[in-house]
Amino acid sequence: MDDNRDLSHLVDRIVSSDLFRDANYYFRSMKKQPHGGVARIFHPNVYLKYYTADTFRLFTHEPYNIPYFLTALVEEAYHEYLMSEVDIEELCCLCFDDDNFWYVGFRLLKPKQEFEEINKTAPLIWSVISSKLRFQDYFELDNKLLIYALVCYLIKSKMIEIKGIEEIRSYEVLRNPHNKYGLSLVNDAKFLRQGFILDNRYYLYNIFFDTTIGAAIDDVPYTIKIINTEISKADLYFRCDEKVAVPVDKMISTATMDFQKYRGITVDFGDIEKLINKKEIIVHYDPKFLDKVVMIIKPDRDPDGRNFYHIEVEELWNPEKVKDNFVLTNYVHAKYYPDKRIFNHIDFSVNQYPTAIFEEKYRDAVTDTDIPIDKYGDEHYKIWCVESETIEISTWSKLVYATLDEPFRELFIEMFY
């Protein structure tokens, strides 16, 4: 066999395709979580470099239906396959003789007629794999579906590593119109578990948006539930990327019945004007794991001359958890009006820092480093924004709690007790 036409060559052609990058990013943005649907994020940059793409979930309900977001890549890979001399047995072994991917073969491979009864007793694929038998002898093989399986296997096993926010921006195709932050008004959207429908397009939520729900019967993420139920007459803006959007009739979901318990928090800003005359920085840290939450409060005046406060909450990872040359942090900014005891603006962004700068920011040793703890990131990537004249303090606290990664949620609550 020509080495330039074998399976390894085919794999190289697939993973080097721009379509492979797009498909990999799309699936990662779907974010079907393990652990009952709860995002367990205990170190930074997970979704860019360390997220497990469990593509076997695509085969649970309609294994023979190639999802729309994969069709172009599968067609391209199938064309490469037709031009190759790939050993189909080698391809099957690569995909299905795998502890984490055999289920795809179980769902996708149709036993030959003489083995159908045996398969009803116990999955035939177990015997074929364990005894090193030939797949062709026991299953009817559809070569295009095998290429589909190969594509999904490669998305799982050869996950792309995203180098930071700048790379995400370079691939994005933002919906028009959008504001200077890249956000589009989505008041008319229908929100679902993994995305939302707007103008007959189904958009996945941004890769950094936590899709965890608040109760087993919820049909939208907890953040959306809070906004929908607690904020009236709201203008809601979201980052809408056409690269992770499909026609509404082509949408699929891997969401299941999950559960995450969020508990409320009572915050009283009643004396904020007496307490804060200039910028105030509050830092709370975990003495065991050394993660920190920083809250920055700054007085300001709006164009109408009314006093308000910028309230910023940011998570700061223990630098020992950082594995890369950059660090991503979740950041929530809001505007609070003490005369009405309401917020009129809340937005969520992701900040990116070079690791060396982040370490100095975390240390908060400005006299030594000239890097204050309230230094902003080199990249500020906005995900969503909600504006209304009726945002209660309790609603703000719930949105902050739901937006921070798991290690920081309890720290945020502890700031007020």
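This section describes an open β-sheet, the helices that pack on it and the internal cavities of a predicted model.

Strands of a sheet pair through backbone hydrogen bonds, in either a parallel or an antiparallel sense. In the present model, 8 strands form an open sheet with antiparallel pairing, in the order β3-β7-β14-β13-β12-β11-β10-β9. Strands β3 (183–185) and β9 (280–285) are the edge strands, each pairing on one side only. From one strand to the next, the twist averages 20°.

The pairing may be followed from the β3 edge. Strands β3 and β7 run antiparallel and are joined by 3 bridges; here Leu185 has Tyr237 of β7 as its bridge partner. Strand β7 comprises residues 235–239 and is mostly covered, with 4 of its 5 residues buried. An antiparallel arrangement also links β7 to β14, through 4 bridges, and in this pairing Tyr237 stands opposite Cys385 of β14. Tyr237 thus appears in the pairing with Leu185 and in that with Cys385. Strand β14 (residues 379–391) in turn pairs with β13 in the antiparallel sense over 9 bridges, and Glu379 of β14 is the bridge partner of Gln352.

Two helices are considered together with the sheet. Helix α14 (residues 355–363) packs on the sheet and touches β10 (292–301), β11 (307–316), β12 and β13. The direction of α14 makes about 125° with that of β13. Helix α17 (residues 406–414) lies across β9, β10 and β11, and runs at about 55° to β10. Strands β10 and β11 are therefore named in the description of α14 and in that of α17.

Attention then turned to the internal space. Rolling a probe the size of a water molecule over the atoms shows where empty space is left. The structure holds 7 cavities of 30 Å³ or more, and the largest cavity has a volume of about 240 Å³. This cavity is lined by 24 residues, of which Ile41, Tyr47, Phe208, Asn330 and Asp405 are the closest to its centre. By class, the lining of the largest cavity divides into 14 nonpolar, 6 polar and 4 charged residues.

Helices and strands both contribute to this lining: α3 (46–50), β12 (326–337), β13 (342–354) and α16 (393–403) each supply at least two of its residues. Strand β12 gives the most, with 3 residues. Strands β12 and β13, which belong to the 8-stranded sheet, are thus among the elements that supply the lining of the largest cavity, and both are also touched by helix α14.

Terms used. Residues are numbered from 1 along each chain as its sequence is written. This is a predicted model: local features need pLDDT of at least 70, side-chain atom pairs count only at pLDDT 80 or more; totals for chains, interfaces and linings use all residues. Side-chain values use heavy atoms; hydrogens and water are left out. On a 1 Å grid over the protein atoms alone, a cavity is a set of points where a 1.4 Å probe fits but cannot get out, and a pocket is an open set with protein on both sides within 12 Å along at least five of seven lines; lining residues have an atom within 4 Å of a point. Grid points are joined across faces, edges and corners, and a volume is the space filled by probe spheres set on the points. Ala, Val, Leu, Ile, Met, Phe, Trp, Tyr, Cys and Pro count as nonpolar, Asp, Glu, Lys and Arg as charged, and the others, Gly among them, as polar. Two strands pair if DSSP finds at least two bridges between them. Axes are lines fitted to C-alpha atoms, for helices over the stretch in contact, and angles run from 0 to 180 degrees between N-to-C directions. Contact means heavy atoms within 4.5 Å. Buried means under 20% relative accessible area, exposed over 50%, partly exposed in between (1.4 Å probe, protein chains only).
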